[in-house]
Every structure is written in C-alpha cells, then in structure tokens.
Amino acid sequence: YYASGSDSISFHSDDERFLGPDPAIASFTLGAKRDFLMKHKPPKEGEPKLETKDIKLPLASGDMVLMRGPTQSNWLHSIPKRKGGEADKGRINITLRRAMIPAGTENYYRYNVGEGGVYKWDDFK
C-alpha cells in the first residue's frame, strides 16, 4: 500500500532464488496513478555495457505489468515518489509470484507481512 505520493520503493529486482530462473511476476495497480520505472542492470565486471533506454510506464488503476523471462535477471524496477496530480491519493499494488523452490521461502512471510499476528479488519465472522 502506498498511502500517498510520498511512499515509494527504490530500484530492485525480484530475483530471489526461491522464484526459480526467469520467474513470471504480475503486478496490479489499484487506486492512484503512479509511474513504474525500469532500467537495465549495470553490467558485471568484464561484460559489455548495453545501450538501453530506461522505461517509464504510467500505471493507472486497473493496469497490470507482467514481468517474465529474463526481466528480473536484466532489469531493475521502481515506483518513485510523486508530487502533484494524484499524489494525495493512495495506491494498492497486488503482486503475484510463484515460489518454485522450497528452500529460501522460510523468511518470505516475515519479509512481506512482518512480525506479529494477522491484522483483523473487524469482528465480522
């Protein structure tokens, strides 16, 4: 959840080992429009520098980005801070991933949800 344009996530790739090689990751946007940025990963030592352009996708509510194949191996993605426009509105991102390798998933729940019990919205049963 991004409460406003002040919330962001820095450049990263979802290349955890438990996702397996070349994972498919779907990312849905609900709420405020935000930019989704992608840039090529820097080359490793000895590798040639590729001439690639950065990508900027303006995601509106209901939009989905599907990253698959070598995307996570070769690219970084980010949601930067935003001023103006819909910066005062919230955004929910729903990301779907499939764990392919059991090893490495032990810490996944804590990493994505946090410590403590499950949040209960209300007393409805």
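**Salt bridges and strand pairing in the predicted model**

A search of the whole structure, which is a predicted model, finds three salt bridges. Side chains of opposite charge can pair when their charged atoms come close.

One of the three salt bridges is formed by the side chains of Asp14 and Arg97, with an N to O distance of 3.8 Å. Asp14 is located in the loop between E1 and E2, and Arg97 in the loop between E7 and helix H2 (108-113), so the pair ties together parts that are 83 residues apart in sequence. With a relative accessible area of 6%, Asp14 falls under the 20% limit and is therefore buried. Arg97 has a relative accessible area of 30% and is partly exposed.

A salt bridge also joins the side chains of Lys41 and Asp15, at 3.1 Å from N to O. This pair links distant parts of the chain, Lys41 being in the loop between strand E3 (34-40) and E4 and Asp15 in the loop between E1 and E2, 26 residues apart. Asp15 is partly exposed, at 44% relative accessibility.

In the salt bridge between Asp35 and Lys56, the closest N and O atoms are 3.7 Å apart. Asp35 belongs to strand E3 and Lys56 to strand E4, so this salt bridge ties together parts that are 21 residues apart in sequence. Asp35 has 18% relative accessibility; buried means under 20%, so Asp35 counts as buried. Lys56 has a relative accessible area of 56%, which is over 50%, and Lys56 is therefore exposed.

Strands E3 and E4 are part of an open sheet of four strands, ordered E1-E6-E3-E4 with antiparallel pairing. Strand E1 (9-12) and strand E4 (55-59) are the edge strands, each of which pairs on one side only. On average, neighbouring strands of this sheet are turned by 15° against each other, direction ignored. Between E1 and strand E6 (residues 75-79), the antiparallel pairing extends over two bridges. Ile9 stands opposite Ile79 of E6.

An open sheet of three strands has the order E5-E2-E7, again with antiparallel pairing. E5 and E7 stand at the edges of this sheet with a single partner strand each, so one side of each is left without a neighbour in the sheet. The average turn between neighbouring strands of the three-stranded sheet is 15°, direction ignored.

Strand E2 (residues 25-31) pairs with both of these edge strands. With strand E5 (residues 64-67), E2 forms four bridges in the antiparallel sense, and Ile25 stands opposite Met67 in E5. With strand E7 (residues 91-96), E2 is joined by six bridges, and the two strands run antiparallel. In E7, Leu96 is the bridge partner of Ala26, and Asn93 is the bridge partner of Thr29.

The loop between E6 and E7 contains Lys89. Lys89 is partly exposed, with a relative accessible area of 46%. Not counting residues up to four places away in sequence, Lys89 touches Tyr2, Ala3, Ser4 and Ala32. Lys89 and Ala3 are 86 residues apart along the chain, and their C-alpha atoms are separated by 6.8 Å.

Methods
Residues are numbered from 1 along each chain as its sequence is written. This is a predicted model: local features need pLDDT of at least 70, side-chain atom pairs count only at pLDDT 80 or more; totals for chains, interfaces and linings use all residues. Side-chain values use heavy atoms; hydrogens and water are left out. Two strands pair if DSSP finds at least two bridges between them. Axes are lines fitted to C-alpha atoms, for helices over the stretch in contact, and angles run from 0 to 180 degrees between N-to-C directions. Buried means under 20% relative accessible area, exposed over 50%, partly exposed in between (1.4 Å probe, protein chains only). Contact means heavy atoms within 4.5 Å. A salt bridge is a side-chain nitrogen of Lys or Arg within 4 Å of a carboxyl oxygen of Asp or Glu.
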